Amino acid sequence: MNNIDLAILALYFLGMIAIGVLHSRRSSSSVRSYFLGNNTGKWWMLAASGAASNFDVAGTMFLVSLFYVAGFRGFWMLWSWSFFNAAFLMSYMAMWIRRTGVMTAVELMRIRFGEDRGGRMARTAGAVLMVTFLIFSIGYAYAGLSRFMPVLVPGVAPETAKMLTVLVMSLTTLYVTIGGFTSVVLADVIQLALSSSAGIAIGVLVYFKLDPATIEKLHAKFSLVTTPTAANFPSGYENWNNFGYLAIYLAISGLLLNMSGAGGHYGEQRFLATRSSADAAKAGWAWGFFSLPRWSMIAGFVFLAASGLVGSADPEKILPVVIVQMIPAGLRGFLVAALLAAFMASFSSTVNAAASMVVCDLVQPSKPNLSVKASIRVSYVATVLVVAIGIAIGTQAESIKSIWVWMLAGVIGATLVPNVLRWHWWRFNGWGYAAGIFAGLGTAMLFGIGQTAGWFGARSLPEYVYAPVIWIASIAGCLAGSLLTQPTSMETLRIFYTRVRPFGFWKPVRALSDSSSRITSLRFVLPNVALGFVALFACFLSVFFLIGHYFEYLGWSAGTVLVCAIFLYHSWYKKLPVECAD
C-alpha cells in the first residue's frame, strides 16, 4: 500500500479511538449505561450495529471460499448460520427478548428459572458456555485477519503479519474498553457505512467487468440446475460431498438456532437496548436489510474467481488476492479500511458481549454489593483477558473453516435444545438447562478430542454425523435434569410468562397469569416468519443474480421480494402496535 492508503487507515483508527474517548463519561454512569446505553438507542442504529457486527473479515473470507467451492448450494449453509434469523426476530423473537428487560442473554436465566440453586446453575452454565463461544469467536477473528495480512501487505513476514493482527485487535479493544456499548454502536454505524459502500462498489465494479465470454464461462460453473444430493468438493471440503445429509443437518440446526433467540451473545444486546418491543421487532427486520451490501461484495469476489479473472490456490485467500490484483491505489486504502471496519465491528461486539457476561452473570451474582466503578473496572480486566485467550486459541487454528465449523456444530450445538425449550416449555427448569448444556458440551469435547487424536480415522467426521449425537445428549440432559428435580416456582414462571407472553406448552402457567395480557399469536407469527424468510432469501439471490447477469432469474427473485413486502406491510408492520403492546 502507498502513503495515501496508509493515511486513510491512520485517520480511520484515530477516529474510532476518539469515539471511545468521547463516550467514556456517559458510559461510566451505570452498568446498564455501559452495556446497554440506558435503552436510549434508535432501533435503526441498533440494527445497523448488529449487521455491522456480522460483517467481519474472517466470515466474509470464508463465505467467499464457500460459494466459490459450493456454488449456489452455499445458500444451504446460511440457513444454519442464522442469516435468515431476521424473519424470526421481526415476527416474535426480538419482542420476547426485549420484554425480558434484562441486560444480557444469560441474565435471562434469572427471570426464567428464578434465584434458587437451579436458577443460579442455569445462569452459570449459560455464561460459561457463551463466554467460551465468544473467546473462540475472537480466535476465529484472529485466524481470519492473520491470513488476510500477508496477501494484503505483499512481502510481509508471517510473524510480522501476526503482530499487525494483534495491533489491530488491541486498538479495537481500547475503544471498546473506554467507551462501552454506546461507543460500540456509534462506531458500528460508521463502520457499516464504510463496509456497505465498499460492498456496493465491488458489486458495481464486477458487474461492468464481466464481458459476454466471461459471463458464459461463469454461468457454466454457477448453474442453478444442479443436484443437491451429491457433489465433488475440493481438498479440505470433502466432508460436504454427501450434500443431501449435510442439507438435512443444516435445515434442522438452522430451525433450532432461529427458535432459540438471537445467538446468545451480542445479538441479544441489540434488542435489549431498544426502547420498546415494537422497536425491537423493527430492528429485527432492519438487521436483515442492512446485511445486503455484504452480499454484493461476496458475489463480486466469487464471480471474479469463478470466471477466471482472478485465481488463488487457497479459496480462503480469494478476497485479499482480488484486493491486491484488481483494486487501484487509493481505492485500495478505502476498501482495506472498510474491511478493517467490518472486522472491528464484529470484534468489538464480541468483546463487549463477553465482558458483560463475565461482569453481570459470573461476578455480580457472587459479589452483589460491588460498586458501579468496581464493576466497570472488572469489565476492563475481563475485556483484556478474553481477547488474550482468544488470540492464543486463534494461533492454533489450521484454517478459518476448521474453527468456524467446530464453533457452530460443537459449541453452539450444545446450546440449541436448551435455548429452545426455555421459551416454549413451562416444566423445563434451571437444573434441566444446566444438565442439557453440560451434556451437550461434554459430548462435543469428546468428539473434539477424538478427532484430534485420530479415533475416527485420518479424515475427520463431518458435522452432520457428530452434531445430532450432541443434540441427543443435550436432550437427554434437559429431560433428566428437569423431570428428576422440582419444577421452577409457579410465581417465577407466572412473572416470566406475563412479561414475555410466549406461545408453547404453558397451560398450567397460563391459568395463573393475568388474563388481560395479550399472548403472542401463532396466526401472526407463522405467516410472517414464512414471508420474511422468502423475502430475505429472494433478496440475497437478487444480489447474486444482478451482479452475475442472471437477468431471467433476477426478474423472478425481485418480483418475489416485492410481493412479500406488500404482504408483510399489511400482515406485520401495520399490526405491530397491537402485537407489541407493552
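Reader: Tyr-92 and Trp-96 caught my eye. Which helix do they both lie in?

Author: Bear in mind that this is a predicted model. Tyr-92 and Trp-96 are 4 residues apart, about one turn of the helix. An α-helix has 3.6 residues a turn, so residues three or four places apart point the same way. The helix that holds both Tyr-92 and Trp-96 is H7.

Reader: Is Trp-96 buried or exposed?

Author: A residue counts as buried when its relative accessible area is under 20%. Tyr-92 meets that with 3%. Trp-96 has a relative accessibility of 0%, so Trp-96 is buried.

Reader: How does H7 run relative to H25: parallel or antiparallel?

Author: Two packed helices are described by the angle between their axes and the distance between the axes. For H7 (residues 85-100) and H25 (residues 522-547), the axes are 6 Å apart and the angle is about 150 degrees. Angles over 145 degrees count as roughly antiparallel. So H7 and H25 are roughly antiparallel.

Reader: And how many charged residues are in that contact of H7 with H25?

Author: From H7 come Ala-86, Ala-87, Phe-88, Ser-91, Tyr-92 and Met-95, and they meet a set in H25 that includes Phe-524, Val-525, Gly-532 and Leu-536. By class, the contact has 10 nonpolar and 3 polar residues, and the number of charged ones is none.

Reader: How many aromatic pairs does a search of the whole structure find?

Author: Phe-75 and Phe-537 make up one of them, an edge-to-face pair with 5.6 Å between centres and 75 degrees between planes. Searching the whole structure gives a total of 42.

Reader: How many residues apart in sequence are the parts that Phe-75 and Phe-537 tie together?

Author: Start with where the two rings sit: Phe-75 is in H6 (residues 74-80), while Phe-537 is in H25. The pair therefore ties together parts of the chain whose separation in sequence, in residues, is 462.

Reader: Which of those two, Phe-75 or Phe-537, is partly exposed?

Author: The cut-off for buried is under 20% relative accessible area, with partly exposed running from there up to 50%. Phe-75 comes in at 5%, so Phe-75 is buried. At 30%, the partly exposed residue is Phe-537.

Reader: Back to Tyr-92 and Trp-96: what kind of aromatic pair do they form?

Author: Their ring centres are 4.8 Å apart, and the planes are at 70 degrees. Planes over 60 degrees apart count as edge-to-face. So the pair of Tyr-92 and Trp-96 is edge-to-face.

Reader: What about charges over rings? Which ring does Arg-112 lie over?

Author: There's an arginine of this kind at Arg-73, whose charged end sits over the ring of Phe-243, 5.9 Å from its centre. For Arg-112, the distance from the ring centre is 5.7 Å, and the face belongs to Phe-496.

Reader: How far apart are the C-alpha atoms of Trp-285 and Ala-87?

Author: Trp-285 lies in H14 (residues 277-290), and with 38% relative accessible area Trp-285 is partly exposed. Leaving aside neighbours within four places in sequence, Trp-285 is in contact with Trp-43, Met-90 and Trp-572. Ala-87 is 198 residues away from Trp-285 along the chain, yet their C-alpha atoms are separated by 7.0 Å.

Reader: How many of the residues of H20 are buried?

Author: Across the chain of 582 residues, 60% count as buried. H20 (residues 416-424) is mostly covered, and its buried residues include Leu-416, Arg-422, Trp-423 and His-424. The count for H20, out of 9 residues, is 8.

Reader: Which loop is Arg-501 found in?

Author: Most residues other than glycine have a negative phi, and most peptide bonds are trans. Arg-501 has a positive phi, near 60 degrees, and counts as buried at 8% relative accessibility. Its place is the loop between H23 and H24.

Reader: And what is the phi of His-549?

Author: His-549 is in the loop between H25 and H26. With 13% relative accessibility, His-549 counts as buried. Although His-549 is not a glycine, its phi is positive, at about 65 degrees.

Reader: Last one: is H5 roughly parallel or roughly perpendicular to H16?

Author: The axes of H5 (residues 57-70) and H16 (residues 318-326) come within 8 Å and cross at roughly 100 degrees. Angles from 65 to 115 degrees count as roughly perpendicular. So H5, relative to H16, is roughly perpendicular.

Key:
Residues are numbered from 1 along each chain as its sequence is written. This is a predicted model: local features need pLDDT of at least 70, side-chain atom pairs count only at pLDDT 80 or more; totals for chains, interfaces and linings use all residues. Side-chain values use heavy atoms; hydrogens and water are left out. Axes are lines fitted to C-alpha atoms, for helices over the stretch in contact, and angles run from 0 to 180 degrees between N-to-C directions. Helices (H or I, at least four residues) and strands (E, at least two) are DSSP runs, numbered from the N terminus. Angles under 35 degrees count as roughly parallel, over 145 as roughly antiparallel, 65 to 115 as roughly perpendicular and the rest as oblique. Contact means heavy atoms within 4.5 Å. Ala, Val, Leu, Ile, Met, Phe, Trp, Tyr, Cys and Pro count as nonpolar, Asp, Glu, Lys and Arg as charged, and the others, Gly among them, as polar. Rings of Phe, Tyr and Trp (its six-membered ring) pair if their centres lie within 6.5 Å; planes under 30 degrees apart count as stacked, over 60 as edge-to-face and the rest as tilted. Buried means under 20% relative accessible area, exposed over 50%, partly exposed in between (1.4 Å probe, protein chains only). A charge sits over a ring if NZ of Lys or CZ of Arg is within 6 Å of the ring centre and within 35 degrees of the ring normal.
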